Amino acid sequence: MSVIITQDQYLGPYKGHADFTPERQRNATDLLMKSNLLLSHIAAGGVTLRPDPDTKCMISGNGNGGFRPQNCTTGAKLSNHKDGSGIDISDPLGMIDIWCLCNEKILIEVGIWLEHPLSTEGWSHWQRVPPKSGRRYYLPG
């Protein structure tokens with residue numbers, strides 16, 4: 001099973017949704033390129049990548065771990081998922097989060113920011129844009 005995340009997987013149940021505008025498509029393309037590169041670094045670092053049993057890919061959750069339309073009530077009102085800039089990665093054992101905390105230099109090189117693992121038990125939230133705090137690892141709120 002490939003751990004590469006495709007655009008179809010990212011869109012999940014929202015494939016073909018009108019909210020996936022050309023700008024959001026460009027954001028998602030950039031996010032997936034960065035996410036797939038980071039996943040390759042993580043796998044090369046010895047972490048076993050574990051696809052989510054519900055999605056059958058590296059996106060976590062039951063359909064809202066990738067892109068979310070504007071009216072989606074899952075997550076924050078201004079979630080980066082809604083503009084194609086955020087993704088939840090399956091991390092049932094927390095090993096991806098641990099690797100990321102120990103490899104900030106690679107996160108910087110790839111261009112990924114991370115919701116702090118204290119807030120993401122079982123998944124790892126990544127985004128292609130910095131949070132308001134500018135911190136590489138941030139707590140939501």
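Leu-107 counts as buried, at 0% relative accessibility, and I would like to begin with this residue, keeping in mind throughout that what we are looking at is a predicted model. Leu-107 sits in helix 4, which runs over residues 104–110. If we set aside the neighbours within four places in sequence, Leu-107 is in contact with Leu-38, Cys-100, Ile-112, Arg-136 and Tyr-137. Its separation from Thr-29 is also listed here: the two residues are 78 apart along the chain, and 18 Å lies between their C-alpha atoms.

One of those contacts, Arg-136, deserves a closer look. Arg-136 belongs to the loop that connects strand 3, residues 122–127, with strand 4, residues 137–138. Now, side chains of opposite charge can pair when their charged atoms come close. Which side chain of opposite charge is nearest to Arg-136, and how far away is it? The nearest is Glu-104, at 4.8 Å, and Arg-136 is buried yet has no salt bridge. The cut-off for a salt bridge in this analysis is 4 Å between a side-chain nitrogen of Lys or Arg and a carboxyl oxygen of Asp or Glu. What the side chain of Arg-136 does have is a polar atom 2.9 Å from the backbone oxygen of Ile-112. Beyond its neighbours within four places in sequence, Arg-136 is in contact with Glu-104, Leu-107, Ile-108, Gly-111, Ile-112, Trp-113 and Leu-114, and so we come back to Leu-107 from the other side, as a residue that Arg-136 is in contact with.

Let me turn to the charged pairs that do meet. How many salt bridges does a search of the whole structure find? The search finds four, and I will go through three pairs, starting with Asp-30. Asp-30 forms a salt bridge with Lys-34, where the closest N and O atoms are 3.3 Å apart. Both residues lie in helix 2, residues 22–44, and they are four residues apart, which is about one turn of the helix. Lys-34 counts as buried, with 15% relative accessibility.

Asp-30 has another partner, Arg-128, and in that salt bridge the closest N and O atoms are 2.8 Å apart. Because Arg-128 lies in the loop between strand 3 and strand 4 while Asp-30 lies in helix 2, this pair ties together parts that are 98 residues apart in sequence.

The next pair is formed by the side chains of Asp-88 and Arg-68, which meet in a salt bridge at 3.4 Å, N to O. Asp-88 lies in strand 1 and Arg-68 in the loop between helix 2 and strand 1, so here the parts tied together are 20 residues apart in sequence. Is each of these partners buried or exposed? Asp-88 is buried, with a relative accessible area of 10%, and Arg-68 counts as buried too, at 6% relative accessibility. As for the earlier pairs, salt bridges that share partners join Asp-30, Lys-34 and Arg-128 into one network.

Arg-128 also leads us to Asn-27, another residue of helix 2. Asn-27 is buried, with a relative accessible area of 11%, and, leaving aside its neighbours within four places in sequence, its contacts are Asp-83, Gly-84, Ser-85 and Arg-128.

I will finish with the empty spaces. The largest pocket has a volume of about 690 Å³. Of the 26 residues that line this pocket, those closest to its centre are Ala-76, Ser-79, Asn-80, Tyr-138 and Pro-140. Strand 3 gives the largest share of the lining, with three residues. Pro-140, for its part, is found in the segment after strand 4, and it is partly exposed, with a relative accessible area of 46%. Pro-140 and Ala-76 are 64 residues apart in sequence, and their C-alpha atoms are 9.1 Å apart in space. Outside its neighbours within four places in sequence, Pro-140 is in contact with Glu-115 and Ser-119.

As for enclosed space, the structure holds one cavity of 30 Å³ or more, and the largest cavity contains about 40 Å³ of space. Which elements each supply at least two residues of the lining of that cavity? They are strand 1, residues 86–91, and helix 3, residues 95–102. Among the lining residues are Val-47, Thr-48, Ser-90, Asp-91, Met-95 and Ile-96.

Methods: Residues are numbered from 1 along each chain as its sequence is written. This is a predicted model: local features need pLDDT of at least 70, side-chain atom pairs count only at pLDDT 80 or more; totals for chains, interfaces and linings use all residues. Side-chain values use heavy atoms; hydrogens and water are left out. Buried means under 20% relative accessible area, exposed over 50%, partly exposed in between (1.4 Å probe, protein chains only). Lys and Arg count as positive and Asp and Glu as negative; His and the chain ends are not counted. A polar contact is a pair of N or O atoms within 3.5 Å; within protein, one must be able to donate a hydrogen and the other to accept it, and residues adjacent in sequence count only if both atoms are side-chain atoms. Contact means heavy atoms within 4.5 Å. On a 1 Å grid over the protein atoms alone, a cavity is a set of points where a 1.4 Å probe fits but cannot get out, and a pocket is an open set with protein on both sides within 12 Å along at least five of seven lines; lining residues have an atom within 4 Å of a point. Grid points are joined across faces, edges and corners, and a volume is the space filled by probe spheres set on the points.
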